[in-house]
Amino acid sequence: MSAPLELHPDRLFPAEPSTRAIARDLYASVADLPIISPHSHVPPEWIAEDIPFTDPTSLLLTPDHYVLRLLHANGIDLARFGRGRDTPLPEAEAREAFRLFCSHWPVFRGTPMRFWFEAQAVNIFGVDVRPSAGTADQIYDTIQAWIDSPASRPRALMEQFDIAVLATTDDPLDDLGHHSALRAEGYARRVVPTFRPDRFLEPARPEWNEIVDELGELTGIDVDSYAGFLSALENRRAYFKERGAVSTDHSHADLETVILSPAECERLYADARDDKLGTDECAVLRRALVTEMARMACDDGLTMTLHPAVYRNHHAETFRRFGADVGADIPISVEATRALQPMLSAYGTHPNFKVVLFTMDETTFSRELAPLAGFYPSVYLGVPWWFLDSPDAIKRFRKSTEMAGFTRSSGFIDDTRAFCSIPARHDMSRRLDAAALAELVAEHRLEVDEAAETLHHLVAVSPREVFRLDQS
Amino acid sequence: MSAPLELHPDRLFPAEPSTRAIARDLYASVADLPIISPHSHVPPEWIAEDIPFTDPTSLLLTPDHYVLRLLHANGIDLARFGRGRDTPLPEAEAREAFRLFCSHWPVFRGTPMRFWFEAQAVNIFGVDVRPSAGTADQIYDTIQAWIDSPASRPRALMEQFDIAVLATTDDPLDDLGHHSALRAEGYARRVVPTFRPDRFLEPARPEWNEIVDELGELTGIDVDSYAGFLSALENRRAYFKERGAVSTDHSHADLETVILSPAECERLYADARDDKLGTDECAVLRRALVTEMARMACDDGLTMTLHPAVYRNHHAETFRRFGADVGADIPISVEATRALQPMLSAYGTHPNFKVVLFTMDETTFSRELAPLAGFYPSVYLGVPWWFLDSPDAIKRFRKSTEMAGFTRSSGFIDDTRAFCSIPARHDMSRRLDAAALAELVAEHRLEVDEAAETLHHLVAVSPREVFRLDQS
Amino acid sequence: MSAPLELHPDRLFPAEPSTRAIARDLYASVADLPIISPHSHVPPEWIAEDIPFTDPTSLLLTPDHYVLRLLHANGIDLARFGRGRDTPLPEAEAREAFRLFCSHWPVFRGTPMRFWFEAQAVNIFGVDVRPSAGTADQIYDTIQAWIDSPASRPRALMEQFDIAVLATTDDPLDDLGHHSALRAEGYARRVVPTFRPDRFLEPARPEWNEIVDELGELTGIDVDSYAGFLSALENRRAYFKERGAVSTDHSHADLETVILSPAECERLYADARDDKLGTDECAVLRRALVTEMARMACDDGLTMTLHPAVYRNHHAETFRRFGADVGADIPISVEATRALQPMLSAYGTHPNFKVVLFTMDETTFSRELAPLAGFYPSVYLGVPWWFLDSPDAIKRFRKSTEMAGFTRSSGFIDDTRAFCSIPARHDMSRRLDAAALAELVAEHRLEVDEAAETLHHLVAVSPREVFRLDQS
């Protein structure tokens, strides 16, 4: 007989009974609040065109680099899961991939991938047996039947999951047609774009000159000068904002910022356009451009989110075979205090400026991020991100940022393209924040009414404030 | 009706009942021991002249950068709290500032500032309602009435708080008149100066040449040579020691030390005096001078405390408007193993040398500081400092330095200018050390008699040993 | 009356009763499994020649740098414990050293050294009183009587401790005579050598040219070229493998790897042989050679273990008086993501390659090591090592590597030359892994049958897989 799969109502709560009881009550007060997701990677066309999912493997495995990487580490070729091809696997291979996943279920013990999958399996798909070689086909069939139901299409799920706000991530050249269509039809739930200009801010990328030309053509602005290039970027930020954007997102190798003289900016830009800027100077220009983004944010009020310090595509052969985003990105250490000083000294107290700092280097939590967010009114602590979006890392986050209190963090960010995992991710966050607050109550560091108010603030108020959702 | 403000006797103790019971007993055994404060920033004239406090805002808010910074981060101008002016705020504005603080009380949830304020409010001022917009005036009046009582003057508080030793922080040019006056009158409690020569050891500071001249004039020693400069510093160290000093305090950008040839020192010093030393060489000379301080400590036995790696005055406009020490200092990472090797290889086993290493970079706790303090008889682990003097960071400190045991840490250091918070800070430390030891007992890693002896050692013996309080 | 010394059956288990009950059951299921020690520093002649121990001090104190360093930090000269001499201390001095240790017993409170010593004292030597000045002689006599019994010789202890596999650490020039003797006699327990080529890979060492010559002579291979030098190293690896080796061990200042052109390698090698390679280029050549070790591992299947980033012999005078390995080594920070990229991009998915990453810089656990081990099938997380092989650091390890799950860690490594402490070290690991898994069960993150299977895997399966013990 197969082992059952059930979700315990107290999961992720502290074992100590009095603390658990407090956590349980706190959690209950926010468990059913709408989901606000101000930073995701869900493709907007899924919602705009209400595209049905295809099969369990292409829904749950093929696109999920969290799951794939650990299967790869345990010896399975990524091609088995449909990476490196443009269409979903044929059914036989999709089933075989799902069997591989289920038969490797033990490798996910103790990981957040297990929590996310179990929550989806039970709460959404109606699975009730533990994944294993023996149950793989049964689970596959259960999920396939769910996929085939009309109640499983994205818009129905937006209702079922009660997602009030969903931000996608979009290229500056994108016409945001799906977002425009959703607005035109008066779609009740808020789906907004996010301005993600990384490749325009990195002159070292091989495609940079080409995409800057495209930016000039699209905007009709002469991008032969640095000033013109900035105008073109401002033009696209305005275009995004008109279509609902509330933030810009930035992921570079470090957090460095710099403010150069206009003449120096023009000189660097001209050299970059002439393909004669060296690697070091490309980085300088990138840092100046990131700082310009902060200046523009003071003008247009788009919240800036910084997601730095990933070594992308660490394994050359994997990149060659499968491209990016398959799980071969590895964090590197990052410095914030010195790096952000030019930007924050210039714009850190500007009333319009908001910047959220994410990290995969948790050493910065107590040393740099909490101190920065505890002084600058513009700076918010991004909640634990990628590689740290796991129960124990999330617990460490709250304990390591105590010096900034609870008002200086961003609210939960799921940062995912795994649409069906969004409720599970937010649920994990709510459970863990309830647990953290329960511990403060149990240690008589906070009264229970204060804990309840704080938890409500984290879930329902912080993301609205940090991303100005009530103003735009 | 206002929420009450009460202090739970078990605050900061672990929730698990058997562990809590052990912690409670351990704590009770040290709760009432005298306070030894071998490193504070209390102005000595407060004690010498028994200067009464003025009003709640200038007592509790204006000088407290911990409180101010978080209010600033939550959007309030520092000027509202009396920064940037020489005299206390007029009463109406002081009341208004206090109302701002009380109405922002929720922003302190989960922070140590809340613990410190509550402990003071209840135990010292007799406040019994939770701060809020509605209770601000009532609390203000309660504290004002307390301030106006003769029992609230500094010397009465020295008795009430049972502060046995209080070290101030003083400039090498200071004549220590207040300390001399206290000694002359035979003041029963021990108030001692601390030699803080930072600005003399940093030739890159604009005022350096001028203050070196002043040092020469004050000591009557020719400071035209490096050797003469060292003699003048030794002269002032002796002056401090004669007036009770037990330690020197040092806060530079890093922990680097270096031993240069006498000729090289003379060359660097001559160039510095001629204002022609570059930034890098200024740093080299500073590192050499810090190392000279260790050498002098071997001679005079003053304990050296190192408080490195803060980016001071991170926000330019705030520094321009309000000056230093308003909460705009942000930690940076620091390296100890390589940096201190020259100094420790030269003086680390000298029987007279004691050096206490503080950090705001907790990554060094297990990686560098515990290993160093676990080998060198001269090296002590400074207890968690600034940004880490919070309950969860203090818990991490004990767990991260287990390899050095309990005998290699400094005893609690409050490092504060907030006089009335001193009992609360020491109480937090005693509670958390009791909790840490209780966990070891509960996990059968230590017997309860050993835990009690260890806690007594930490509170009553370590600071006396580390700062040689029984020898001077 | 002396305090008793007893081992509580629940030591190191969480205090919360329901969690403790789970931990107790989990632990019981693995407590008596054979010990697999794939990386130790036990001298092979102890087993080969079944050499009896001499006295308590030379058994427990003289060779144990963990114990010595903390006694040194507490003011005792290392010479008192028999360091700096070639023979054991005379009995009177050995007794005096043991008295010093026992009278300083409180300095070990809260440290793993205390746990290890207590476990040995009670379980192996039959000590039943707490160490103190008053009990030192009694304990000394008890241990001496145990040493003098034939049942206390190494081979009897191999049986008593149930050590199934014991790997020693050996120089490439070693003839492995003791290992050959053990194989020749058909010794039932597996004692295998480990190839430790550090000094051959570091051209900056003063003896490098000389030992390369010796390597050439020993192998009969012309080492005048880089290619020849590599052949000679391959020759010795094969020699080791034939005699049972399963791994190579490497400890350099950093984790840097690099792949250079053959011409560049030959140029660097030729310059190194001519003693004209500068410090920086010596490091480049070392990094190339470490990467060659990975390439060779793909061929011969020896598992590579990396133990980087120690500042050796930090205190000059101690090194002069006592030589290396007396406790004066201090960790430094280390970087893995960028450093290992050349090696892992080349060999990271090779089916024959296995590399275990150890660190004394726990900041890398969540930031770099778990992400690397969670993608590369060749990479394993080394369990907490030196300065981190303490209960709280081991707990942090499991919580900081959750993203990689439980299948990507190496299994416990004791890395010790303290033979009698081996059971205690493995017992600590089993208890702490049981505790970590019990917490997951108690928080409903794992079912208890899964926890039991995982614990068995960690103790009995992982080390066999990682070190290919079933294939060689």
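This note covers the contact between chains A and B, the symmetry that relates them, and the two domains of chain A in a predicted model.

1. The interface between the chains involves 40 residues of chain B and 37 residues of chain A. On the chain B side, the elements that give two or more residues are α4 (65-73), α15 (316-322), β7 (330-331) and α18 (391-400). The largest share, four residues, comes from α4(B).

2. By class, the side of chain B that touches chain A holds 19 nonpolar, 12 polar and nine charged residues.

3. A turn of 120° with a shift of 0.0 Å along the axis lays chain B on chain A, and the RMSD is 0.0 Å. The two copies are therefore related as by a three-fold rotation axis. Within chain B, B:Glu16 has the C-alpha nearest the axis, 3.5 Å from it. The copies use different surfaces, since 5% of the contact residues of chain B recur in chain A.

4. Chain A is divided into domain 1 (52-152) and domain 2 (164-466). Taken over C-alpha atoms, the centres of these domains of chain A are separated by 30 Å.

5. Between the domains of chain A, 17 residues of domain 1 are in contact with 16 residues of domain 2. The elements of chain A that give two or more residues to the domain 1 side are α4 (65-73) and α6 (112-125). Of these, α6(A) supplies the largest share, six residues. The domain 1 side has nine nonpolar, five polar and three charged residues.

Technical notes:
Residues numbered from 1 in each chain as written. Chains lettered and ligands numbered in written order. Predicted model: local features only at pLDDT ≥ 70, side-chain atom pairs only at ≥ 80, totals over all residues. Contact = placed C-beta atoms within 7 Å. Nonpolar A, V, L, I, M, F, W, Y, C, P; charged D, E, K, R; others polar. Least-squares fit on C-alpha atoms with pLDDT ≥ 70 in both. Domains from an automatic or database assignment.
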